[in-house]
Amino acid sequence: MQKINYITENFGKYDVFSIDSYMNIGGFQSLQKAIDMEGEDIAAVLSDAGIKGRGGAEYPMGRKWSQARAVKRPHHCVICNADEGETCTFKDRELITNDPFNLIEAMVIAGWAVNAEDGYIYMRAEYSHLRPRLINAIKQAKERGFLGKNILGTGWDYDVHLYSGAGAYVCGEGTALIRSIEGKAGRPRMKPPFMKQSGLFARPTCINNVESLSIVPHLLHDAVPYMQAGTKESIGTKMVSVGGNVNKPGVYEVPFGITVRDIVYGLAGGIQEDHKIRLIQFGGASGKISDDRILDISYSYEDFAKNNLIIGSGSILVIDERTSVIDFLRYTQDFFLHESCGQCTPCREGNRHIRIFLEKIKNGTYTDEDIQTMKTFARVMPMSSLCGLGETAQNALKSAFDVFPEVFASKTQTEAVG
Amino acid sequence: MEEKITLKINGMPVEVKKGTKILEAAKVLHIDIPHLCYHPDQRVKARCRICSVEVVGKKRLLAACATECWDGMEVFTDTKVVRDTQRGILQLIMADHEENCLTCPRNGNCVLQHLCSRFNVLRPNLTHVAESIPVKTTNPSLVHDPEKCVKCGRCIRVCKDVQGIEAIGFAGRSTGLKVTTPYEEEFNKTDCVLCGQCTVVCPVGALVEKDDTDRVLDAIFDPDKTVIVQTAPSVRVALGDAFGLPDGSIVTKKMVSALRMIGFDKVFDTNYGADLTITEEAGELIDRLKNNKTMPMTTSCCPAWVNFMEKHYPDKIAHLSTTKSPMAIFSAIAKTQYAKQENIASKNVFSVAIMPCIAKKYEAKRQELTQNGLFDTDAVITTRGLIKLIKYIGIDFNNLPESEFDNPMGESTGAGAIFGATGGVMEAALRTAYEWMTDKPMPTLEYTPVRGFEGIKEAQVEIGGHNLKIAVVHTLKNAALIMDKLRDGKCDYDFIEVMACPGGCVGGGGQPVTTTFAATKERIKALYTIDRSSKLRKSHENPYLKKLYAEFLEAPGSETAHKLLHTHYHAREKEFDFSK
């Protein structure tokens, strides 16, 4: 099995509370390199590596930086989205835990590349135990002149600030996230205006996931191993977090192109007590599901798209035969029912009615009309919701319609058969 | 030159200004895209999503209220997916809506009801999930019934963006999201000043005024009561809305006929009270100027403004004119001089006021406005309430014959009429004050610097060697700007007129729910038309007023006048002060 440590290269190699220790293994050398580069060239490195946003939205990162740079308004800022709210997603936690200085270095490079004045790390409430190590990293970086005034003699001033969320999943959505930092209720707003134009405190804002950022110093240091990994259309490596009914749940760095089987049965040690797989959900609660038919497809953007799946955040939730599809969908729906911000009608009301229909299916008290109505609303919700939460909340259900049609079988049919 | 773009809606080309939203562009083609949270006077919310439409090239539907048109855009408002979505959203709303349409105050003019009929939403295959939520009613003006709320946020926008009050906001999340007050307190404990703007913009029956029409009918049915009614200047230029007449139609004389048919014994005019207010207030201004009393003086005829001062600027209430509002001054005379003249016991005079306002309901309940334990004003009904009464009686309003107000308290001047428009009180007061201070009439009666829709208007008037600095303000957000200046000692005005509602009373919180800024502007024009066509245009020239002073009140500011026509204010503690 291919073993790779590219993004995770520094894990365990230095004292995460000591900038000296980090610098001893070459820390902040990428920043030195970046300072000698034009921001556009840094963005080009990201584009060449084909990095897509690793939080889940899969937006091309190089293009994002390039667009952010192009905005002519003053007071740019960079946000690191460490809200990591997708279910079964915990790779960012590992990156912050094991390599906090790399993230800070990445934030400085990002700030330099897009010409920002401030950087913000927005970390989910549940990671509050990681605050001391980030605060320490920021403090030490500042003491060494990697943050603050006149960084590395360039005349450029830049600071990084750490903010904690209060526990809402929706605050991983960019516009809700900025409102949360601003001290407002974390509810998304419509776009436009887009973040790059008017984001945090109405400043031009470039927002990136922890993993996306964490790749950058490595890429500037030595891009070759990254460029050689992966497939033609999905270059490099990805952090995946595997959970559910596997023997060895955890975070693994894998090259794109590895089979799903190699991840689930290789790295994650197979299914508990050798149960059969019921379903796998990729990319968190907002991700799509499939069954074991996809075990031998390659873990890559292109093969996933062909199979109506998304890589998303990189989470792989394996559910074995002990849980029924309908129970899984009910739990997922409970999650969205709890996490919807409630401001737009389709999401606020749609989630609760789909939850009611799923309950009816579970209890066998549904009618054929119920199934039709549920299917209509599973389509209406993503078509018309205000933000990405409502847009993706029915991804699991909609993919279940295709993968597990028997769960939603017509009653009249069932009776005829049975 | 403005940039134009061309798009197609349902295959039909249309040219619009750059920046136009799809919903507005569709109006040009006479297509009304369904909407709930959209309001022409408010910024985009895009939260109800019922205006979702298909745009070629976009995977998802776009909100027509929020999406700017682009050149070459192709929009479809009538495809299956659009219908499924719009109808689906309606069904979702209805499943969480108290379906008591037949007993709802908004029955017949509810936006949601109208949409349901348009989309043929009958019985959706959704579980009814509405939960019973307590109604807030412990104030004289406003009723909040959250079970009817569709969470469109229009009320929150008007409260924050227009009035700057923020007495209501969203709380909670997901299905627990609700429009409520801080700590879910009753309105009297919040920053709310009962301006009622939320009841105008609410598309459904979630925020409505307290209904007093039954009390009025009970009094009419009571043989012992002489029921007199006064109508505020703004009602006559807004009432026509409900009967399909163009914005700003003047229906004074039909309104008088309708009031007689409803059964009022005497139909009087608040404009008479306005003339009296002006006469007293002009006298008060001159007195304050000459005797170095608290300056600047501000008007006090707007009850939401008075509430605002008592709650938000209690340290500044000495600036409020002590002259009672036209409604209160009218009722004070009605219960004393008029009752005496007509030989009716005060307690048997039932004084009804038809107002464009819900804060007037609160004003009428003020202890300061009582005599011998009797309220001067017994009931206040809004323009909307009057519409209900007219409909109840079954009056064919548009075909009514015209008739005149009763005397003496139906006589008024043009100055009384313009009270309903922002700047009107100032203009009316200047006409009188100028003449009294200089013994000459104002060179031009129509004082245009105080006219118009601008939020804060400033001017200087030369009166008898005195350079009077004046300001005219509408909406409380603007009023707060002026009051903050006053607190900072940077306010050198002599006289400030404040109206809480946009455009003044014509845009009041008790006006028809069809009220918009555009309609308000037409109503303002109508009031100026009434003024221009009046024989008398200066309050102090009202002949019945002259008689009243001669026979009863002696002179403006006399002891009797002071006792009857002036009031006082008191600081009101706010339960929660969020400013600190």
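## A salt-bridge network in chain B

Glu446(B) has a relative accessibility of 28%, so Glu446(B) counts as partly exposed. In this predicted model, Glu446(B) forms a salt bridge with Arg451(B), and the closest N and O atoms of the pair are 3.8 Å apart. Arg451(B) counts as buried because its relative accessibility is 17%, and the cut-off for buried is under 20%.

The pair belongs to a network built from salt bridges that share partners. Its members are Glu427(B), Arg431(B), Glu446(B), Arg451(B), Asp531(B), Arg532(B) and Arg537(B).

## Other salt bridges

Over all chains the count of salt bridges is 69. One of them, in chain B, pairs the side chains of Arg43(B) and Asp161(B) at 2.7 Å, N to O. This contact links distant parts of the chain, since its two residues are 118 residues apart. Arg43(B) is in the loop between α1 (22-28) and β3 (52-55), while Asp161(B) is in helix α4 (residues 154-162). Both ends are partly exposed: Arg43(B) has a relative accessible area of 48%, and Asp161(B) has a relative accessibility of 23%.

In chain A, a salt bridge joins the side chains of Glu359(A) and Arg355(A), with an N to O distance of 2.6 Å. Here both partners sit in helix α14 (residues 345-363), four residues apart, or about one turn of the helix. Glu359(A), at 25% relative accessibility, is partly exposed, whereas Arg355(A), at 14%, is buried.

## Chain A as a whole

Chain A contains 18 helices and nine strands. The C-alpha trace of chain A spans about 80 × 45 × 35 Å along its principal axes. The radius of gyration of chain A is 22 Å, and a compact globule of 418 residues would have a value near 22 Å, so the two agree. Of the 418 residues in chain A, 61% count as buried.

## Cavities

A search of the whole structure gives nine cavities of 30 Å³ or more. The largest cavity has a volume of about 240 Å³. It is lined by 23 residues, and those closest to its centre are Cys301(B), Pro303(B), Pro356(B), Lys360(B) and Cys505(B). Two elements of chain B, α9 (303-312) and α10 (326-342), give two or more residues to this lining.

By residue class, the lining of the largest cavity divides into 17 nonpolar, five polar and one charged.

## An annotated region and long-range contacts in chain B

An unreviewed UniProt entry annotates residues 81-120 of chain B as "domain: 4Fe-4S His(Cys)3-ligated-type". In the model, residues 81-120 of chain B are 57% helix and 0% strand. The C-alpha atoms at the two ends of this stretch are 16 Å apart.

Gln86(B) and Arg49(B) are 37 residues apart in sequence, with their C-alpha atoms 7.8 Å apart in space. Arg49(B) is in the loop between α1 and β3 of chain B. Arg49(B) is buried, with a relative accessibility of 7%. Another pair, Val235(B) and Gln511(B), is separated by 276 residues in sequence and by 7.6 Å in space, C-alpha to C-alpha. Val235(B) is in the loop between β10 (226-231) and α7 (252-262) of chain B, and its relative accessible area is 0%, so Val235(B) counts as buried.

## Backbone features in loops

In chain A, the peptide bond between Lys191(A) and Pro192(A) is cis, with omega about -5 degrees. Pro192(A) is in the loop between α8 (174-181) and β4 (205-209). Phe201(A) also lies in the loop between α8 and β4 of chain A. Phe201(A) is not a glycine, yet has a positive phi of about 50 degrees. The relative accessibility of Phe201(A) is 40%, which makes Phe201(A) partly exposed.

Chain B has a cis peptide bond from Met295(B) to Pro296(B), where omega is near -5 degrees. Pro296(B) is in the loop between α8 (270-290) and β12 (297-298) of chain B. Glu166(B), which is not a glycine, has a positive phi of about 60 degrees. Glu166(B) is in the loop between α4 and β7 (169-171) of chain B and is partly exposed, with a relative accessible area of 47%.

Conventions: Residues are numbered from 1 along each chain as its sequence is written. Chains are lettered from A and ligands numbered from 1 in the order in which they are written. This is a predicted model: local features need pLDDT of at least 70, side-chain atom pairs count only at pLDDT 80 or more; totals for chains, interfaces and linings use all residues. Side-chain values use heavy atoms; hydrogens and water are left out. A salt bridge is a side-chain nitrogen of Lys or Arg within 4 Å of a carboxyl oxygen of Asp or Glu. Buried means under 20% relative accessible area, exposed over 50%, partly exposed in between (1.4 Å probe, protein chains only). UniProt positions are given in the numbering used here, feature names are shortened, and annotations may be inferred rather than shown by experiment. On a 1 Å grid over the protein atoms alone, a cavity is a set of points where a 1.4 Å probe fits but cannot get out, and a pocket is an open set with protein on both sides within 12 Å along at least five of seven lines; lining residues have an atom within 4 Å of a point. Grid points are joined across faces, edges and corners, and a volume is the space filled by probe spheres set on the points. Ala, Val, Leu, Ile, Met, Phe, Trp, Tyr, Cys and Pro count as nonpolar, Asp, Glu, Lys and Arg as charged, and the others, Gly among them, as polar. The radius of gyration is taken over C-alpha atoms; the globule rule is 2.2 Å times the number of residues to the power 0.38.
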